[in-house]
Amino acid sequence: LSTRERRNHSEVTDFILVGFRLSPDLRILLCLLFLLVYAVILLGNVGMMAIIMTDPRLNTPMYFFLGNLSFIDLFYSSVIAPKALINFWSERKSISFAGCVTQFFLFALFIVTEGFLLAAIAYDRFIAICNPLLCSIQMSTGLCTQLVAGSYFCGCISSVLQTSMTFTLSSCASLAIDHFYCDIRLLQRISCSDLFIYKVVSFSVCTIIILPTIIVIIVSFMFIVATVLKIRSTEGRKKAFSTCSSHLGVVSVLYGSVFFMYLTPDGSPEMSKVVSLCYTLITPMLNPLIYSLRNKDVKEAVKNFLEKKNTML
């Protein structure tokens, strides 16, 4: 390509988010669906945080982690959903260079932080089920705070590296991103730079940061399953599996969709957008529902909260 056919990102003012290619009727339907899902995300995660903070019985390591999980889900879905909703009705469907950088940075920060936080929850469940008598000692307030702070730190380091590498690439004449948010794969696709070193570094960073979380989750659940199978009481086994199956379901949806999106060859652009919905909107919507509907303590806390409200009225 000639120099004129290239642009440095410092000269870029706007990207175009193509979004979903749909007829007007389907666009309205999808927009309403996006709005509904985002409303459930806001209501569910804000409600979950409020209940955890106000009910003293939920002052445990597990709910401390779940409160932070709701915070992360709320914010990283808010990085994506509002702009996607605006672009449904915008003819130009643009996002500024600064907006794209900010969206990319925050999404990378929160998605990696969530992975570490899910590993921390798996470790907490391992301690609670396999070493219940030592749970209060091993999962101290200090350790829980350090695990959460470490999750954010690792997410921040990963995000800074990914963002700085991605937005120093040269972009071609076309600045159209065939997605509904600034996705790393699509930003690579419109780049004219040699991506070999970039991809090696990016893959190394992702492996170093994400692989430990997967190992912790898998090993924790292996020990949990082995311990639960030794429980003689059917009710005890059922309760333990119920608690862990919720977490395992959340992990499976998040990691499954992310792996499908980023570790498989490029497929249909529309299919990639559908898969992206799983970890950008569906997971943040399901997390508070799964952890509340399948959790006796949370249901009782909600019941008490509503009773207090009715009494005040």
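1. Asn-87 is buried in this predicted model. Its relative accessible area is 7%, so it falls below the 20% limit for buried residues. Asn-87 sits in helix α2. Leaving aside neighbours within four places in sequence, Asn-87 is in contact with Leu-17, Lys-93 and Ser-94. Two of these names return below: Leu-17 belongs to strand β2, and Ser-94 falls within β3 (94–96).

2. The sheet comes next. Three strands form an open sheet in the order β3-β2-β5, and the pairing is mixed. At the edges are β3 (94–96) and β5 (176–177), each pairing on one side only. Helix α3 packs on this sheet and touches β2, β3 and β5. The direction of α3 makes about 80° with that of β3.

3. Which way do β2 and β3 run, and how many bridges join them? They run antiparallel, joined by 3 bridges. Asp-14 has Ser-96 as its bridge partner in β3. On the other side, β2 (residues 14–17) and β5 run parallel, with 2 bridges between them. There, Ile-16 stands opposite Ala-176, and Leu-17 stands opposite Ile-177.

4. Check the faces of β2. In a regular strand, side chains alternate between the two faces of the sheet. Strand β2 shows such an alternation. Phe-15 and Leu-17 point to one face and are buried. Asp-14 and Ile-16 point to the other face and are not buried.

5. His-179 deserves a look. It lies in the loop between β5 and α6 (184–189). Is His-179 buried or exposed? It is buried, because its relative accessible area is 0%, against a limit of under 20%. The side chain of His-179 makes a polar contact with the side chain of Ser-276, at 3.1 Å. Beyond four places in sequence, the residues in contact with His-179 include Leu-17, Val-18, Gly-19, Leu-186 and Met-261. Ser-272, Lys-273 and Ser-276 are also in contact with His-179.

6. Now the nonpolar packing. The largest nonpolar core has 64 residues. Those with the most contacts inside it are Phe-34, Phe-65, Leu-66, Phe-107, Leu-118 and Ile-217. Elements giving two or more residues to this core are α1 (24–54), α2 (61–89), α3 (97–130), α5 (141–166), α7 (196–229), α8 (234–262), α9 (269–293) and α10 (296–312). Helix α3 gives the largest share, 14 residues. Apart from this core lies another, of 17 residues, among them Ile-95, Leu-186, Ile-190 and Tyr-198.

7. Phe-107 can be followed in more detail. Not counting residues up to four places away in sequence, Phe-107 touches Tyr-76, Val-79, Ile-80, Tyr-181, Tyr-279 and Thr-280.

8. Compare the record with the model. An unreviewed UniProt entry places "transmembrane region" features at residues 28–52, 64–85, 97–123, 196–229, 241–262 and 274–293. In the model, residues 64–85 are 100% helix and 0% strand. The end C-alpha atoms of that span lie 32 Å apart. Residues 97–123 are likewise 100% helix and 0% strand. Here the end C-alpha atoms are 39 Å apart.

9. Overall counts. The chain has 10 helices and 5 strands. Buried residues make up 45% of its 313 residues. Among contacts with a separation of 6 or more, 80% join residues 24 or more positions apart.

Methods
Residues numbered from 1 in each chain as written. Predicted model: local features only at pLDDT ≥ 70, side-chain atom pairs only at ≥ 80, totals over all residues. Heavy atoms only, no water. Core = buried A, V, L, I, M, F, W, Y, C linked by side-chain atoms within 4.5 Å. Buried < 20%, exposed > 50% of the residue type's maximum accessible area, 1.4 Å probe, protein only. Helix = DSSP H or I, 4+ residues; strand = E, 2+ residues; numbered from the N terminus. Contact = heavy atoms within 4.5 Å. UniProt positions renumbered as here; feature names shortened; annotations may be inferred. Pairing = 2+ DSSP bridges. Axes fitted to C-alpha atoms, helices over the stretch in contact; angles between N-to-C directions. Polar contact = N/O pair within 3.5 Å; in protein donor to acceptor, adjacent residues only side chain to side chain.
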